[in-house]
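The following exercises concern helix packing and burial in a single protein chain. Please attempt each task before reading its solution.

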Amino acid sequence: MEAQMVDIGEDDGSDYLEPLSHATQYHRRAEQFVSEGRRHSLIFNLASVALECYLVALCKLHGIEPLNHNFICLMNSVESVMDFPKGLSKDIQSLDIIFGICSLDDYFHGTPEPKDAERVLSMCTEVKKMFG
């Protein structure tokens, strides 16, 4: 399934604009850090914040509030209002494993690998395309 393009016409309101702006800024900064040769863990964390903001923007664009801001809840919310590529959704949800968000009693933050930073940047690029 290909990503659904979201029509962002004038009648949609503007609640999504702030998180979309934050997303693009964090995304741009993460890409800048790649070109500067910064640590992959820093790039991963910035890109993860960007991805979260992109998903929040999609929720707000569709007039919904996610129950939580972990990636599983965000994807459940997004998929309740729009078609979303299943593979991309699964990849995004897998980020919760790295963050250890699945358990409040046994929280940990895993150590992202260089490939994880590349992967989350790629996810950001794919979700960003949904805004046209």
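Five exercises with worked solutions follow, all on a predicted model.

**Exercise 1. Overall architecture**

Task: State how many helices and strands the chain has, and which pattern it follows along the sequence.

Solution.
- Step 1. The chain contains six helices and zero strands.
- Step 2. Read along the sequence, the pattern is therefore written α-α-α-α-α-α.
- Step 3. The chain has 132 residues, of which 39% count as buried.
- Step 4. Among contacts between residues at least 6 apart in sequence, 65% join residues at least 24 apart.

**Exercise 2. Helix 3 and Ser 77**

Task: Determine whether Ser 77 is buried or exposed, and identify the side of helix 3 to which the buried residues belong.

Solution.
- Step 1. Ser 77 is located in helix 3.
- Step 2. Its relative accessibility is 10%, and the cut-off for burial is under 20%; Ser 77 therefore counts as buried.
- Step 3. The buried residues of helix 3 are Phe 71, Leu 74, Met 75, Ser 77 and Val 78. Because they cover an arc of only 160° around the axis, they lie on the same side of helix 3.
- Step 4. These buried residues pack against helix 2, helix 4 and helix 5.
- Step 5. With neighbours within four places in sequence left aside, Ser 77 is in contact with Cys 59, Ile 64, Pro 66 and Leu 67.

**Exercise 3. The two faces of helix 4**

Task: Assign the buried and the exposed residues of helix 4 to its faces.

Solution.
- Step 1. In helix 4 (residues 86-93), the buried residues are Leu 88, Ser 89 and Ile 92. They share the same side of helix 4, because the arc they cover around the axis is only 100°.
- Step 2. An α-helix has 3.6 residues a turn, so residues three or four places apart point the same way.
- Step 3. Lys 86 and Lys 90 are exposed residues on the face turned away from the buried side of helix 4.
- Step 4. The cover over the buried residues of helix 4 includes helix 2 (40-61), helix 3 (71-79), helix 5 (95-99) and helix 6.

**Exercise 4. Two packings of helix 6**

Task: Describe how helix 4 and helix 1 each pack with helix 6.

Solution.
- Step 1. Helix 4 and helix 6 pack at an angle of about 135°, their axes being 11 Å apart. Helix 4 is therefore oblique to helix 6.
- Step 2. This crossing of helix 4 and helix 6 is left-handed. Leu 88, Asp 91 and Ile 92 of helix 4 make the contact with Arg 119, Met 123, Glu 126 and Val 127 of helix 6. By class, the contact of helix 4 with helix 6 comprises four nonpolar, no polar and three charged residues.
- Step 3. Helix 1 (residues 17-35) packs with helix 6 (residues 114-128) at about 140°, with the axes 11 Å apart. The crossing of helix 1 and helix 6 is left-handed.
- Step 4. From helix 1, Thr 24, His 27, Ala 30, Glu 31 and Val 34 take part, and from helix 6, Leu 121, Cys 124, Thr 125 and Lys 128. The residues of the contact of helix 1 with helix 6 divide into four nonpolar, three polar and two charged.

**Exercise 5. Glu 118**

Task: Establish whether Glu 118 is buried or exposed, and how far apart Glu 118 and Ile 43 are in space.

Solution.
- Step 1. Glu 118 belongs to helix 6.
- Step 2. Because its relative accessibility is 57%, Glu 118 counts as exposed.
- Step 3. Glu 118 and Ile 43 are 75 residues apart in sequence, and their C-alpha atoms are 8.5 Å apart in space.

Methods. Residues are numbered from 1 along each chain as its sequence is written. This is a predicted model: local features need pLDDT of at least 70, side-chain atom pairs count only at pLDDT 80 or more; totals for chains, interfaces and linings use all residues. Side-chain values use heavy atoms; hydrogens and water are left out. Axes are lines fitted to C-alpha atoms, for helices over the stretch in contact, and angles run from 0 to 180 degrees between N-to-C directions. Helices (H or I, at least four residues) and strands (E, at least two) are DSSP runs, numbered from the N terminus. A crossing is left-handed if the near helix is turned anticlockwise from the far one by less than a right angle, and right-handed if clockwise. Contact means heavy atoms within 4.5 Å. Ala, Val, Leu, Ile, Met, Phe, Trp, Tyr, Cys and Pro count as nonpolar, Asp, Glu, Lys and Arg as charged, and the others, Gly among them, as polar. Buried means under 20% relative accessible area, exposed over 50%, partly exposed in between (1.4 Å probe, protein chains only). The arc is that of the directions from the helix axis to the C-beta atoms. Angles under 35 degrees count as roughly parallel, over 145 as roughly antiparallel, 65 to 115 as roughly perpendicular and the rest as oblique.
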